[in-house]
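Biologist: I've got a structure open and I'm not sure how to read it. Could you walk me through it?

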Amino acid sequence: MDAAPQRRERLALLVADRGFARVVDLARELRVSEVTVRTDLAALEGEGRVTRVHGGAMPRGLVAERESSLEQSRTRLARAKRAIAAETAGRVRSGESVLLDVGSTALAVAHELVARPELDELVVVTNGLAIALALEPAIPRFTVVVTGGTVRSLQHSLVNPLATTLLDDVRVDLAIIGATGIDVTAGVTNVNLPEAEVKRRMVACAARRVLAADASKLGRVHLGRVCGLDELDELITDDAATDAALEPLRAAGLRVTTVAPRRL
């Protein structure tokens with residue numbers, strides 16, 4: 001067996017084992033160029049063994065869900081998201097430091113924070129450009145810090161490289177994160193891998209962690225793992241969540257708060 005088939009076999013095993021593998025990581029591990037890895041992945045895809053996606057590859061049977069843009073997701077379940085945002089913003093106190101994740105619910109949280117005139121001396125760190133702009137009217141009551149990193153236009157978010165550099169050096173009182181899936185076994189997951197990586201770091205550097213997610217996210221599992229349920233302090237969701245969806249989460253020890261949607 002010559003080098004190429006051996007290398008491709010190893011590539012296929014790495015992709016199958018990890019669920020997703022990046023081209024840059026595969027090239028580093030196999031000590032070959034990224035061009036060679038892409039060529040090998042194309043061959044494996046032709047054999048029906050992997051599916052190529054942006055930046056890497058997944059096993060053939062695993063399909064990535066199409067991600068909505070921030071503008072599209074803002075209009076979906078808007079009443080529920082505003083109610084969740086209001087409840088979540090109520091967890092924030094003057095003088096605290098807060099990590100605010102990206103997404104339409106997090107953007108609603110930003111607007112709710114700005115609307116609280118009594119909230120003062122708040123430091124908000126975010127990897128969302130739209131969220132930073134939404135918080136700007138509260139300056140100087142708020143200090144708004146942007147993580148830096150590479151722009152993802154779909155969510156107007158900042159991801160690696162460089163998005164997590166700042167997070168290595170901060171410890172905050174509260175992290176407010178979003179996700180596209182929460183499941184009693186798989187934990188918190190996200191459809192986009194680069195954003196899942198930033199969310200993991202946010203969870204790691206916060207004293208308290210709140211997941212703000214509408215009921216449509218319950219019971220769903222996506223590609224990028226964020227954290228286990230035991231790493232969260234609370235889930236805030238809307239009252240469309242069924243008992244069947246919530247009871248396993250509560251039985252696992254997760255505090256769950258449900259809120260009724262507001263009228264627009």
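Modeller: Let's go through two sheets and a helix, one at a time. This is a predicted model, where local features need pLDDT of at least 70, side-chain atom pairs count only at pLDDT 80 or more, and totals for chains, interfaces and linings use all residues. Residues are numbered from 1 along each chain as its sequence is written, and side-chain values use heavy atoms, with hydrogens and water left out.

Biologist: What counts as a helix or a strand, and when do two strands pair?

Modeller: Both are DSSP runs numbered from the N terminus: helices are H or I with at least four residues, strands are E with at least two. Two strands pair if DSSP finds at least two bridges between them.

Biologist: Okay, in what order do the seven strands of the open sheet sit?

Modeller: The order is S6-S5-S4-S9-S12-S14-S15, with parallel pairing. Strand S6 (142–146) and strand S15 (256–259) are at the edges with a single partner strand each, so one side of each has no neighbour in the sheet. From one strand to the next, the twist averages 20°. Angles here run from 0 to 180 degrees between N-to-C directions, and axes are lines fitted to C-alpha atoms, for helices over the stretch in contact.

Biologist: Which helix packs on the sheet and touches S9?

Modeller: That's H5 (residues 78–89), which also touches strand S12 (206–212), strand S14 (234–238) and S15. Contact means heavy atoms within 4.5 Å. The direction of H5 makes about 145° with that of S14.

Biologist: How do I read one helix, say H3?

Modeller: Here's the general idea: an α-helix has 3.6 residues a turn, so residues three or four places apart point the same way. Now the case: H3 (residues 34–46) has buried residues Val37, Asp40, Leu41 and Leu44. They cover an arc of only 100° around the axis, so they lie on the same side of H3. That arc is taken from the directions from the helix axis to the C-beta atoms. Buried means under 20% relative accessible area, exposed over 50%, and partly exposed in between (1.4 Å probe, protein chains only).

Biologist: Which exposed residues are on the face of H3 turned away from its buried side?

Modeller: Val35 and Gly46. After H3 comes Gly48, with a positive phi near 80°.

Biologist: And what is the order of the open sheet of three strands?

Modeller: S1-S3-S2, with antiparallel pairing. Four bridges join S2 to strand S3 (residues 56–59), and Val50 has Pro59 in S3 as its bridge partner. H3 packs on this sheet, touching S2 and S3.
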